[in-house]
Amino acid sequence: MQEVLEIALGGMQKDVARLDRVAMNIANVMTPAYKRAMVAPALAGRPFSEHLSAFESRAADTLQTVFDTRPGTLKPTGRLLDFALTGGGYFEIATDTGFAYTRLGSFRRDAEGRLVTAEGQTVMGKGGVITLAGASPKVDAAGKIFEKGQEIGQIKIVHFERPGALLALGKGMWSAGPAAGVMTPVADADVQLRQAFLENSNVNSMHEMVELSRTVRHFEALQKIAQGYDEMIGLAIQKLGDS
Amino acid sequence: MSNALQIAATGMQAQQANLENIANNLSNVNTPGFKRSSVGFVDLMMRIAGVPAGFDADALDLSASMPSRIGAGVGITSMLRHFESGELRKTDSPFDLAIRGDGFLEVSRADGSSAFWRAGTFKVNSEGQLTTQSGLVIKPGIAIPDNAQAVNIGADGRVRVTVPGQSAPIEVGQLQMARFASAAELEAVGDNIYLPTSGSGEAVPGRPGEDGLGTLAQGHIEASNVKIVDEMVNLMQAQRAYQASLKVVQAFDEMSALTNNLRK
């Protein structure tokens with residue numbers, strides 16, 4: 001009989017976790033290059049018998065978060081050091097703890113003229129750190145940087161086999177774990193870089209609102225189950241205890 | 001219970017900061033030489049401190065169920081100041097000066113240190129020096145003779161005065177300009193005056209028109225670079241994003257009420 005409460009509790013906890021994800025997505029609806037967090041049910045696409053056995057062993061009790069790596073739309077900003085990747089691929093950034101990868105191309109020059117992120121971490125080019133002489137370079141669709149007609153470097157763009165398995169570090173950065181697969185540099189012909197644009201967040205607020213509504217109603221339904229069970233037990237104790 | 005409330009709170013705070021920035025930009029749409037700023041958003045991730053004491057991490061296999069970092073909402077990285085030139089408006093006043101292109105004019109503050117001015121209305125003070133409206137001397141201190149009838153500043157920075165008795169104007173000095181590796185990192189102290197910071201790099205002096213520096217345009221004033229249409233669109237987006245986070249707070253509140261009413 002206790003099963004009923006446990007099932008309701010498990011369901012309610014999952015709903016709370018869903019709410020966390022919806023909150024995160026909605027808060028980041030205007031964050032450039034943000035990838036929305038999706039809930040991946042642990043046994044999606046498996047036959048029903050596996051669901052039942054997993055239920056018995058409590059293996060499906062947790063929700064996995066995966067990130068939707070589809071590119072967002074582009075926003076023109078007019079800043080010459082803002083870059084957006086219209087296809088796949090990531091910029092490589094040198095941080096204190098190793099290399100990180102990002103799609104947030106909002107760069108600037110530091111005091112020594114190097115190309116850095118907004119946080120001051122250097123952006124890697126194919127030949128190392130990129131140093132700009134002026135603040136208005138021309139960058140073509142393959143990431144080649146031209147100043148006064150001369151090519152002075154090329155931004156390094158890399159590709160992962162399984163970008164959905166990258167670890168989110170926050171601030172638009174991702175770190176490559178073994179789950180992400182092999183990292184390969186993207187060929188010039190396949191890079192689609194746009195200068196003076198930023199990639200928007202790929203959060204669809206309509207979808208998030210529907211998810212929010214559904215989560216709250218599901219939670220309410222489970223609450224009713226718990227209440228109903230409570231009432232039944234109460235009645236049973238009362239009736240049986242009276243005699 | 002969950003982080004949803006804190007996450008939604010960061011969402012609302014970020015949009016509020018966005019709104020304040022937009023309000024600042026819009027209120028300065030007619031300020032000569034004003035440079036608009038924009039807010040940069042980033043997602044925040046919180047690192048989970050680890051396994052609580054008394055638990056065996058391996059036995060629980062926490063790595064599969066608990067990620068090492070969970071979402072903590074949205075944060076603001078920086079206020080980016082955009083230094084693109086505003087439109088140059090012809091005023092025909094000989095005391096208006098604008099810079100056509102990049103660069104700053106160097107001025108001396110009261111304590112002798114250097115500051116950088118994005119040009120504007122100037123005047124000649126009682127000692128015959130060219131100064132800004134607030135009295136900061138434009139470097140190098142060019143002396144204008146008392147009997148000067150007109151002051152002419154060329155596009156290349158050469159200052160010429162017309163004195164009675166001389167048919168041709170005489171040259172009294174040359175204005176120098178300066179540029180920075182990263183002008184967006186300069187600290188604004190008001191009145192179009194900027195101070196260098198560690199992030200902006202050192203001031204690189206030069207002559208107007210050379211090395212990427214702009215030229216001077218007397219009789220013109222640089223308008224604000226705020227674009228009303230862009231700011232209005234941003235305003236609408238900020239409002240809707242704020243509303244969306246508010247809905248999450250309301251949903252969380254509803255779920256909390258439901259939890260509290262589990263037991264009558």
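Which residue stands opposite A:Val139 in β12(A)? In this predicted model, that residue is A:Ile145. Local features need pLDDT of at least 70, side-chain atom pairs count only at pLDDT 80 or more, and totals for chains, interfaces and linings use all residues. Residues are numbered from 1 along each chain as its sequence is written, and side-chain values use heavy atoms, without hydrogens and water.

β12 (residues 144–147) of chain A runs antiparallel to β11(A), and two bridges join them. Strands are DSSP runs of E, at least two residues long; helices are runs of H or I, at least four. Two strands pair if DSSP finds at least two bridges between them. The open sheet has the order β11-β12-β13 in chain A, with antiparallel pairing. Its edge strands are β11 (138–139) and β13 (150–154), each pairing on one side only.

Helix α3 of chain A covers residues 205–242. Its 38 residues should span 56 Å at 1.5 Å a residue (times one less than the number of residues). The end C-alpha atoms are 55 Å apart, which agrees. Its buried residues (under 20% relative accessible area, 1.4 Å probe, protein chains only) include A:Leu212, A:Val216, A:Phe219 and A:Tyr229. The buried residues of α3(A) pack against α1 (2–27) of chain A together with α4 (228–260) of chain B.

The contact (heavy atoms within 4.5 Å) takes 49 residues from chain B and 42 residues from chain A. Between chain B and chain A there are zero salt bridges (a side-chain nitrogen of Lys or Arg within 4 Å of a carboxyl oxygen of Asp or Glu). On the side of chain B that touches chain A, α4(B) gives the largest share, 13 residues.

Definitions and conventions: Chains lettered and ligands numbered in written order. Buried < 20%, exposed > 50% of the residue type's maximum accessible area, 1.4 Å probe, protein only.
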